[in-house]
Amino acid sequence: MKKTIVFVLALLMAVTALPARISWAEAEQPAQEGPYRISVSDQTQQTVKGWGVYPCSVGPDWLNKTVAQKAIYKDMGITQYRIELRGQAGDADGRIVNDVYGYFVSSIQLAMDYGVDRYSVHVWSPPPGMKDNNNISGFRDDGKQAKLLESKEQTFCDWVVRCFQGLEERGLPLPIAFSFSNEPDVVKEYQSCGYEMDQYIRVAKLMRRTLDAAGYAEIDLLGPEGGGYISNKRWFGENASAFDEDPEYADAIDAIATHSYPCLLYTSPSPRDPKTS
C-alpha cells in the first residue's frame, strides 16, 4: 500500500491565520547584508489545517495545574497535542507499570474533558530493563550511549501495543500518530536512547508490522523526529535514497517529523559529552 509522506513540525508553536500570505517565490536577497525582502499577496500559499502543543511531560504535578490546562486545551484553541509515553511505564518484559502509565492515561482523559481528542504519542526512551544500561538515561556507566537491546526490540514493540490497548479498554481515543524515538541521534542524562542506522531501520519496520498486526494500521508512524532538519538526511539518506533502497522502510514511515532547533547542534553522529553539553 502506497503511503503519503507529509512533513510534521514536532515542537511547541503557534500558527496564526492571516488574511494575506507571504509569497516566498518573490523573495530576494539584497546584495548588502540585511534582511530578506518579501512581497505579500492575497494568494493562499499554504493551508494550515490545525495546530498543537506539547503541554509537558506527564506526571502528578501536571494533573493539578488547572489554570495551565484551561489555557492550553481551551483558550489557545489547539486542535491536537503531543504527549510522552515514559519508559518507566513498562518493565523489561513489556508489562505495563500502572502507576506511571496511569499518569499517561489521565493526561489523555484530561485533554478529552476539554474536547481535544487528537494527539500523537512520543517515546524518549524504552523501558530501562530493555536497554543495555538498565536505566532511563541515555548514557551507560562508561559514558557511551545506551541502546535498546536487540533481543528486546520485539518486546518494546509489544509494550507499545499493550499501552494502546489499555487506552481502548478505558474508552479513550487512540493517537493519530506515534514516534518510537524522540531525537534518536541525541543522548542525554535524562530519558533518551541512541540508535544506530541499522537498528533504527529495523525497529521502524518491526514497529510498523507489530502495529498493523494488532489492528493499528491507522496510527501513523513518525520519523525520524530529529533535533534539526539535518537528521532527516542522516536517517533517510540524500533525497530520501534509503526509501528507494528499502521499500519496506519507506512503507513503515508515514510522516516525516523534525524539530526546528538550530541544525548546527545536531550534525555530529556521535553523542555529545554530557559534561560539556
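This short tour visits one helix and its surroundings, then a pair of helices, in a predicted model.

**Stop 1: helix H1**

Start by selecting residues 66-75, which form helix H1. Now colour Gln69, Ile72 and Tyr73: these are the buried residues of H1. They lie on the same side of the helix, because they cover an arc of only 80 degrees around its axis.

Next, turn the view to the face of H1 directed away from that buried side. Here you will find Val67, Lys74 and Asp75, which are exposed.

What do the buried residues of H1 pack against? Show strand S4 (52-53), strand S5 (80-84) and helix H2 (98-113) to see their partners.

Before leaving, click on glycine 77, just after H1. This glycine takes a positive phi of about 70 degrees.

**Stop 2: helices H3 and H4**

Select residues 153-169 for helix H3 and residues 197-213 for helix H4. The axes of these two helices are 9 Å apart, and the helices pack at an angle of about 40 degrees. H3 and H4 are therefore oblique to each other. Their crossing, as H3 passes H4, is right-handed.

Which residues meet where H3 and H4 come together? On the H3 side, show the side chains of Glu153, Gln154, Phe156, Cys157, Asp158, Val160, Val161 and Phe164. On the H4 side, add Gln199, Arg202, Val203, Leu206, Met207, Thr210 and Leu211. Try colouring this contact by residue class: you should find 9 nonpolar, 3 polar and 3 charged residues.

Definitions and conventions: Residues are numbered from 1 along each chain as its sequence is written. Side-chain values use heavy atoms; hydrogens and water are left out. Buried means under 20% relative accessible area, exposed over 50%, partly exposed in between (1.4 Å probe, protein chains only). Helices (H or I, at least four residues) and strands (E, at least two) are DSSP runs, numbered from the N terminus. The arc is that of the directions from the helix axis to the C-beta atoms. Contact means heavy atoms within 4.5 Å. Axes are lines fitted to C-alpha atoms, for helices over the stretch in contact, and angles run from 0 to 180 degrees between N-to-C directions. Angles under 35 degrees count as roughly parallel, over 145 as roughly antiparallel, 65 to 115 as roughly perpendicular and the rest as oblique. A crossing is left-handed if the near helix is turned anticlockwise from the far one by less than a right angle, and right-handed if clockwise. Ala, Val, Leu, Ile, Met, Phe, Trp, Tyr, Cys and Pro count as nonpolar, Asp, Glu, Lys and Arg as charged, and the others, Gly among them, as polar.
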